[in-house]
Amino acid sequence: MRLSRAIKVVTVLGICSSVITICLWSSCSARQSDGFDRGLETLRGERGADENDVLTFHNRGTNSIASDQQPPLQPGDRDQAQADHWQQQQFQQQQLQQQLDYHEIDCNINNERTIKCRKEGPEVYVPFSFVKKYFEVYGDVVSTDGYERLEFHHANSIVHPPRATYTPSAMFMAFDHYNVENRERVKCITASEGVPITTQWNKEGYHYSIQVAQYGLSHHAKHIVTGEPDQLVLEDAEDEDGGVAGALADWQLPDKKSRLVLARHAPGLEEGGDNRVVEFLTSDSLSSKGITLPVDEKANKCVSMDVKFSTNGSVIIVVETVSRDRVSIHYVFTGAHIASDGKSNVFYGLGERHNEWMHIARDLKFDVQKGFSLKGGKPDKSHTGIARIVEIRLHGHGWLDNLTLSSAIHMEQFYDAANWLVKHQDERGGWPIMVARRVVPGVLELPPGWYSAMGQGQAMSVLVRAYLDSKEKRYLRSAVEALKLFEIDSVQGGVRARFLGQLDWYEEYPTTPSSFVLNGFIYSLMGLYDLKETASGRDKETAERIYSSGMKSLKVMIGLYDSGVGTLYDLRHITAGIEPNRARWDYHTTHINQVLQLMVIDDDPIFKTTVQRWLGYLQGRKSRHN
Ligand SMILES: *[C@@H]1O[C@H](CO)[C@@H](O)[C@H](O)[C@H]1NC(C)=O
Ligand SMILES: *[C@@H]1O[C@H](CO)[C@@H](O)[C@H](O)[C@H]1NC(C)=O
C-alpha cells in the first residue's frame, strides 16, 4: 500500500518534469512562430492571392494552445505533406493539453489534517515533500545531461560488503570507508598521543575507547587499500653532500646566536649509536622567527618527525590554504590539547614531555580544520584545505631527526591508537569511559567510569593487528587482559548480560536493566574472534569460550531484531517496557555489513537468510503479513 503510493508520487514528479519540458518546448515553439509570422508577412506581401490558403491553415487547428502557431507556407505538391505534419503536431498538442488538465484537490490525511493534492483524470498526485516526511523516504530532483529527474531512495545509506576472506591481520570489515577525524564531534587529534578526543557526551572533550579503536582500525584499513605512501625526507641528518636529504643545507638561521649542528650521539637514544641527529638552538619565543626550512610542497601534506626538546621550544609548520590564507600550526609544550585564534594560528599541546624523544605524525589538513572549527562552528572545508606547505620552523633547544613529508601516515595513526590502548588500560583490563551515559534518561543510565564490550572488542581488533604487524608481545598481552571484563556481569561493573537468565550477551552499554545493543555486541564478537585466532594456550581457550557462547546467543536472538521492515537497534522495548528503538538506516546498514562479515567466518544459514531480508528492507521490501 505504502509502496504503491510512493510509486505514484514518483510518477507525479515525472509528470511535473514533463510539464517543465513541455513548457520549454512550447516557449521554443513560440520563438519559432515569430519566424513563421515574419515568413507569412513576406508571403502575404509577395503573393496576396494565397492569403486565403493561409487563413484556412490558420483556422484548421481547433486547439487554442497553438492557435498562434502556423505552418510555413509552400505552394504546390508539398502543401499536403505540410498539412499532414501540421495536423499531427496539433494532435500531439491536444493530448499534452489533456495531460495538463489537472486541478487541485484536498487530501484528507487520517482524518487529522488536509493537504493540497492534484487530480488528473482518475489519478491523484500527493506532494513529494509530504510523502518524504510521511514515509521517511529520500529523494531530490537532480539535473543531469540537461534534464531533470527525481532520484528516489527508500533508504539513505550504502552497504560496504567485506572482502571474501578474513584473518585477524586483514582489514577490519570495510573500515577504509570510515573517517573518524572528519566527524564534527571529534574535537581534534591530540599532538601528545595522536588519538581523537570526542565531545559527544561532554563538551570539554574526553577519550572514548571505541572511537580511538575505530580511528586505529580505519587507518589500518586505509593503509591496506592505499599501500605505502609517497615520502619526501627533508632532514635525517645523514647525507651531508646534497641530495633531497642534504643535511642542514637548506635551513636558515634567524640570528648570529642561533646554532644548527649535526650530533652523532643523540643524547638519550639508546639504540642506533651510529644514528645522527640535528641539534638546534635558538630563542624559545614564539615571536622570534625561529630556525626555518623553506619547503614549498604541494603534494605531500602529512608530516612526521622525531624530536626532543630540553627547553619550552616548539615546531611550527606554516601552510597556505586553498583560499590563499597562511596558517601557522604550532606544536608547543602545554597540557591543553588545542587552541586557536580563529584566524592564522592553531596550537596543539605536546604534553609535558621535555627531554624525551617524541615521534610526531600529523595529517595537517585536519589540524587546520579542527583549529578553525573551535571558533565559530563549522569550518568551510573548501577553505581550510591545504594548497601547500610553506615552511617548517624550530624554536628553543633540542634535537631533530627523520623530518619527512608524506602522502599519508596511516600506519603511524594506527600505532598511535594501539599505543594509547596499551598505555591507558586499567587493572581490570578495561578502558573506563569517564562520562555519564544516558541511553534512555531515567531508565537506562550509566554513571562515569563504565566499560563497553564494544570498546573492549574493538580494542582487541586493534591490538591483535598491532601484534601481528610488529610481533611485539605487549600488544597481545593487552588484548588478552581485555578479556577479563567479558566474564563479569554488568551489575558487577563488567560487560556481560544474560538474556532471560540464559544467553550470554556482551553489552555496548552495560545498563541495568540490560539494553542488548546489537551492533556493539557483534563488534565485540569480532574482537573476540581476532583474539581467539591469534592467542595460544589458555588465553586462546578463554577467548574461544567467550566467543562461542556469544555466537550461540546471536544465532538464537538475531530474529528479535528484525521488525519486518528494518531492524531494531536494541531490546529496550523488552527489558524496559518502552517503545522499540528502530535502527536508523545507518545502523541498519551497519547490521548488514556486520552480518556479511560474520558470514565470511561462520557459514550458519541463519546469517545468510537474515541478511537477504535485511538487504531487501533497504529497497523498501517488507516481510509478508498474515
Ligand atoms: C616551561 O615553561 C613553564 C611555564 O612558563 C616553566 O614553568 C617551565 O620551567 C619551563 N620549562 C622549561 C624546561 O624551560
Ligand atoms: C630515525 O629513523 C631511523 C630509521 O627508522 C631510526 O633508526 C632512528 O632511530 C630514528 N631517529 C630517532 C631519533 O628516533
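Visitor: Which residue stands opposite Glu120 in E3?

Guide: This is a predicted model, and in it E2 and E3 run antiparallel, joined by 3 bridges. Strand E2 covers residues 113-120, and strand E3 covers 123-125. Facing Glu120 across this pairing, in E3, is Glu123.

Visitor: Which strands stand at the edges of the open sheet that holds E1, E2 and E3?

Guide: Here 3 strands form an open sheet with antiparallel pairing, in the order E1-E2-E3. An edge strand has a single partner, so one side of it is left without a neighbour in the sheet. That is the case for E1 and E3.

Visitor: And what does the twist average from one strand to the next there?

Guide: The order to follow is E1-E2-E3. Going from one strand to the next, the twist averages 45°.

Visitor: Over how many bridges do E1 and E2 pair?

Guide: Strand E1 spans residues 103-109 and strand E2 spans residues 113-120. Within the pair, Cys107 stands opposite Ile115 in E2. The two strands pair in the antiparallel sense, and the count of bridges is 7.

Visitor: Which residue in the turn of the E1 and E2 hairpin has a positive phi of about 50°?

Guide: Most residues other than glycine have a negative phi. In the loop between E1 and E2, Asn111 has a positive phi of about 55° although it is not a glycine. The hairpin has 3 residues between its strands, and the one in the turn with a phi of about 50° is Asn110.

Visitor: Which residue takes a positive phi in the hairpin of E6 and E7?

Guide: Strand E6 (residues 186-189) and strand E7 (residues 196-198) run antiparallel and are joined by 3 bridges. Ile189 stands opposite Pro196 in E7. There are 6 residues between the strands, and the one with a positive phi near 75° is Gly194.

Visitor: Where is the cis peptide bond that involves Pro513?

Guide: Most peptide bonds are trans. Pro513 has its place in the loop between strand E23 (503-506) and H11. With omega at about 0°, the cis bond joins Thr512 and Pro513.

Visitor: In the open sheet of 6 strands, which strands stand at the edges?

Guide: The order is E11-E18-E13-E14-E16-E15, with mixed pairing. Each edge strand has a single partner strand, so one side of each is left without a neighbour in the sheet. These strands are E11 (291-297) and E15 (338-340).

Visitor: By how much are neighbouring strands of that sheet turned against each other on average?

Guide: The sheet holds 6 strands, ordered E11-E18-E13-E14-E16-E15. With direction ignored, the average turn between neighbours is 15°.

Visitor: Which residue in E16 stands opposite Ala339?

Guide: E15 and strand E16 (residues 345-349) pair in the antiparallel sense over 3 bridges. Opposite Ala339 in this pairing is Phe347.

Visitor: How much of the accessible area of ligand 1 does the protein cover?

Guide: Ser310, Asn312 and His354 are the residues around ligand 1. On its own, ligand 1 has 360 Å² of accessible area. The share covered by the protein is 29%.

Visitor: Which element gives the most residues to the lining of the largest pocket?

Guide: About 1,100 Å³ of space lies in this pocket. The elements that give two or more residues to its lining are helix H5 (209-226), strand E20 (437-440), helix H11 (518-534) and helix H14 (585-601). With 5 residues, the element that gives the most is H14.

Visitor: How many charged residues are in that lining?

Guide: The largest pocket is lined by 36 residues, with Tyr178, Arg183, Arg584, Tyr587 and Thr590 nearest its centre. By class, 15 are nonpolar and 13 are polar. The number of charged residues is 8.

Key: Residues numbered from 1 in each chain as written. Chains lettered and ligands numbered in written order. Predicted model: local features only at pLDDT ≥ 70, side-chain atom pairs only at ≥ 80, totals over all residues. Heavy atoms only, no water. Pairing = 2+ DSSP bridges. Helix = DSSP H or I, 4+ residues; strand = E, 2+ residues; numbered from the N terminus. Axes fitted to C-alpha atoms, helices over the stretch in contact; angles between N-to-C directions. Near = heavy atom within 4 Å. Areas by Shrake-Rupley, 256 points an atom, 1.4 Å probe, with all protein chains shown as cover. 1 Å grid on protein atoms, 1.4 Å probe; cavity = no way out; pocket = protein on both sides within 12 Å on 5 of 7 lines; lining within 4 Å. Points joined across faces, edges and corners; volume = space filled by probe spheres on them. Nonpolar A, V, L, I, M, F, W, Y, C, P; charged D, E, K, R; others polar.
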